[in-house]
4 protein chains.
Amino acid sequence: MSSTTAPLTASRPLRKDAARNRELLIAAAREVFAKRGLEASLDEVARHAGVGVGTAYRHFANKYELVSALMSNAVDDMVADAERALAAEDPWLGLVGFLEAALADQSEDRGLREALMGVHDTEKLEQVHDRLVGPITEILRRAQRAGVVRADAEPTDIGFIITMACAVADVASDCAPQLWRRYLAMCLEGLKPGGATLPAAALTEREFRDAMATHKQALARGSSIS
Amino acid sequence: MSSTTAPLTASRPLRKDAARNRELLIAAAREVFAKRGLEASLDEVARHAGVGVGTAYRHFANKYELVSALMSNAVDDMVADAERALAAEDPWLGLVGFLEAALADQSEDRGLREALMGVHDTEKLEQVHDRLVGPITEILRRAQRAGVVRADAEPTDIGFIITMACAVADVASDCAPQLWRRYLAMCLEGLKPGGATLPAAALTEREFRDAMATHKQALARGSSIS
Amino acid sequence: MSSTTAPLTASRPLRKDAARNRELLIAAAREVFAKRGLEASLDEVARHAGVGVGTAYRHFANKYELVSALMSNAVDDMVADAERALAAEDPWLGLVGFLEAALADQSEDRGLREALMGVHDTEKLEQVHDRLVGPITEILRRAQRAGVVRADAEPTDIGFIITMACAVADVASDCAPQLWRRYLAMCLEGLKPGGATLPAAALTEREFRDAMATHKQALARGSSIS
Amino acid sequence: MSSTTAPLTASRPLRKDAARNRELLIAAAREVFAKRGLEASLDEVARHAGVGVGTAYRHFANKYELVSALMSNAVDDMVADAERALAAEDPWLGLVGFLEAALADQSEDRGLREALMGVHDTEKLEQVHDRLVGPITEILRRAQRAGVVRADAEPTDIGFIITMACAVADVASDCAPQLWRRYLAMCLEGLKPGGATLPAAALTEREFRDAMATHKQALARGSSIS
DNA sequence: TATGAATGAGAGTTCATTCAT
DNA sequence: AATGAATGAACTCTCATTCAT
């Protein structure tokens with residue numbers, strides 16, 4: 001009856017605006033996926049968020065888009081972590097600090113790990129990489145210039161070190177939530193100068209992206225995320 | 001030693017055609033699971049093998065049993081790898097050789113990686129561990145006695161190094177099938193004596209088993225492999 | 001009493017279309033199960049109702065829940081029958097009327113007979129018995145007080161008389177839909193005072209419930225209704 | 001080598017002749033079906049008999065034929081029971097004795113009950129009836145001539161009384177194996193002269209056969225016994 | 001002839017996605 | 001815009017029956 005959008009009657013539920021529902025869904029998805037992995041159903045996410053599934057599909061074209069949004073948030077965090085790392089005085093501690101910060105998040109979130117290991121959309125993947133490649137490259141190069149990281153290390157190595165530590169977290173997060181730190185430390189030894197020659201070349205940024213994209217498509221085929 | 005053609009396995013000799021189908025199924029399963037992971041359906045495996053689903057279920061009580069058979073084969077191979085490693089003169093090269101051999105297999109087989117990372121049956125898991133723990137411990141201890149591996153390394157570290165290299169293979173196997181070698185080399189640097197103190201204790205053998213078992217159960221809940 | 005159109009059932013009001021489909025499903029289930037017994041598939045019930053299987057599973061968690069809903073309706077009817085019987089002036093005619101009314105329903109519905117003979121869920125069974133035991137006991141005791149039923153009859157005898165008449169209906173309902181009346185009459189002769197001593201004690205209410213529950217479990221093992 | 005059929009070498013298994021296997025299968029089927037009902041699989045029966053399924057299908061065209069053979073045996077027993085009943089001096093005790101003997105068998109054999117309630121083959125059914133109708137009719141008529149059974153009872157009533165007592169046994173055989181005797185006694189009261197008029201005519205022998213046959217076909221449609 | 005391996009239709013159930021309300 | 005009911009393909013597993021050995 002009124003032209004305002006404010007609720008007039010107490011019995012009519014508040015009209016939640018879209019942004020609020022979007023946040024609710026993302027928060028619910030994070031919680032649900034963190035605990036149960038990406039195989040949790042969208043119904044469960046929606047229920048957790050207190051909205052209908054239909055609403056989820058209004059905000060996200062499909063399950064993957066929702067996962068994607070989660071990833072964007074995680075990437076935001078990683079970018080922030082990276083900026084903090086660049087602000088650190090010691091380049092080595094900066095690198096280590098970045099990895100620890102990024103992994104501290106991921107080690108607690110199964111859904112995030114699965115999402116980062118299995119991005120299902122090339123375009124999205126490009127965006128993620130576009131945002132991270134600069135900071136990560138700078139963190140690494142700075143450490144190399146300081147002589148604390150071997151010269152043949154490449155930015156994609158950082159990506160795979162994260163991948164590896166995530167794998168440990170995947171297996172051990174319930175029993176030993178901090179175990180990934182042990183293996184991150186081992187990998188970091190391998191990053192220090194003076195080690196043996198590495199038997200295979202690092203991927204270029206381009207190859208890394210393609211690898212990720214191919215991997216996802218392999219995952220997507222036959223997976224519930226299509 | 002015997003002149004009979006009886007199968008070497010202790011169980012009842014399989015009829016010729018049945019044995020053939022069993023092999024067809026295992027081969028098909030390996031191929032299908034290698035490419036698409038364990039979430040591929042048994043129908044697809046059977047189709048790939050050129051047999052009906054029913055046949056698959058005659059040979060393997062359920063999907064997991066089939067995966068389990070695949071794993072048994074893989075564990076056989078790993079045990080053989082481990083024995084070769086112990087026969088090597090140089091303890092370090094033995095250790096490295098074992099890891100490279102084991103990973104060369106797994107890097108090409110996504111299903112195998114998923115199976116080993118996600119054994120869904122506690123009993124089977126125990127069997128796998130029972131067979132591998134001895135040889136792996138001996139490989140490691142020998143290298144430690146020779147002073148080429150840091151003293152605080154534990155057998156479970158070998159397990160997690162395999163886990164990590166598999167994670168790399170998971171992502172990159174299509175584009176860069178040998179990339180895992182780069183990161184295995186990095187990890188091996190971390191295994192050499194003289195590195196920084198590791199920030200978290202290795203799991204004991206028992207904890208490792210429990211971690212694996214818990215991980216599986218988490219995976220199994222809601223997964224197609226129940 | 002209220003002017004709202006809210007449903008009388010205490011649970012959340014179903015959306016109009018959903019309520020319609022629920023009714024369609026129940027009607028279809030009654031028809032299909034009535035004709036073909038409980039072994040008819042849910043796909044067939046859904047097809048008969050003109051909805052997808054998924055819809056059936058939205059309304060009923062599993063096949064048994066659907067059967068259960070059917071049973072609840074039938075028990076409602078039986079309770080109503082029992083109340084009418086208690087309102088009858090002649091205690092004997094009340095008893096007979098109750099049995100005839102109850103059996104008139106069941107004789108036409110094979111699914112209902114199977115459901116009542118084979119309740120697969122202990123809790124549900126308890127509910128059914130809880131609702132029926134009072135009225136039936138009262139009907140019987142009133143007739144006994146009036147001296148028209150033998151003193152050693154027990155409420156569980158009523159249950160078994162229904163069981164027996166149902167068995168006749170099971171066999172003969174197609175060819176002779178009223179034949180059960182003949183054998184109900186025979187059983188009723190056995191209920192009248194003055195007959196020979198009965199060679200086995202009636203079950204107590206507790207034993208009757210346990211018998212039913214055990215029977216169901218035997219049926220359920222290996223049956224499609226688990 | 002020898003022209004005898006006796007085994008010559010200890011290692012070669014005795015050549016079981018067909019008759020022996022047939023008996024083994026029937027015995028196994030009786031046991032298995034008695035315990036688990038007709039839904040037990042033929043594989044299980046064959047395993048129990050120590051032969052292959054193929055052998056079962058050599059002797060019986062399908063599952064139903066095997067059940068049918070079981071029934072034949074049971075009918076043999078019933079015919080023998082009937083003959084003993086006719087030899088009894090007291091016509092009433094003869095009738096009662098026949099029913100008790102027949103039911104004592106059936107009450108212990110779930111498969112037999114299911115088979116008799118659900119004969120799936122018209123021809124077989126005819127055979128069963130052909131063999132039983134004479135003796136049963138004679139038992140009944142003799143009792144009627146002696147004035148101990150009501151004049152409007154028909155041979156098919158005997159069939160349905162068995163049906164009814166079987167239904168009781170079906171439900172209660174685990175908890176109260178003798179309970180059917182109570183309800184048989186009640187039915188027998190209804191058979192005695194002097195009761196109320198029965199509200200529906202007994203089936204004729206022809207109708208009884210048709211009822212059974214129709215019933216079976218209904219059961220068979222959609223049932224595992226096709 | 002006996003065997004048991006192979007078959008494949010069909011059952012119950014789940015869930016990403018669509019669409020009427 | 002929000003809801004959640006509806007959809008139907010897909011998955012695992014069973015078993016009566018057939019057929020190669």
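Author: A residue counts as near a strand if its C-beta atom, placed from the backbone, lies within 6 Å of that strand. This is a predicted model.

Reader: OK. By class, how do the residues of the surface near DNA strand E divide?

Author: That surface has 19 polar residues, twelve nonpolar and eleven charged.

Reader: Which residues come nearest to strand E?

Author: From chain B, Asn21(B), Val51(B) and Gly54(B); from chain D, Gly52(D) and Gly54(D). These belong to a set of 42 residues around DNA strand E.

Reader: And which helix gives the most to the surface near that strand?

Author: Helix H3 of chain B, residues 53–59, which supplies five residues.

Reader: Switching to the protein contacts. How many residues of chain A are in contact with chain B?

Author: On the chain A side 43 residues are in contact, and they meet 42 residues of chain B.

Reader: Which helices of chain A each supply at least two residues there?

Author: Helix H8 (155–172), helix H9 (179–191) and helix H10 (205–220). H9(A) gives the most to the side that touches chain B, with ten residues.

Reader: What about classes on that side of chain A?

Author: There are 25 nonpolar residues, ten charged and eight polar on the side of chain A that touches chain B.

Reader: What rotation superposes chain A on chain B?

Author: One of 177°, with a shift of 0.1 Å along its axis, and the RMSD is 0.7 Å. That is the relation of a two-fold axis.

Reader: Why say the copies meet through the same surface?

Author: Because 95% of the interface residues of chain A are also interface residues in chain B.

Terms used. Residues numbered from 1 in each chain as written. Chains lettered and ligands numbered in written order. Predicted model: local features only at pLDDT ≥ 70, side-chain atom pairs only at ≥ 80, totals over all residues. Contact = placed C-beta atoms within 7 Å. Helix = DSSP H or I, 4+ residues; strand = E, 2+ residues; numbered from the N terminus. Nonpolar A, V, L, I, M, F, W, Y, C, P; charged D, E, K, R; others polar. Least-squares fit on C-alpha atoms with pLDDT ≥ 70 in both.
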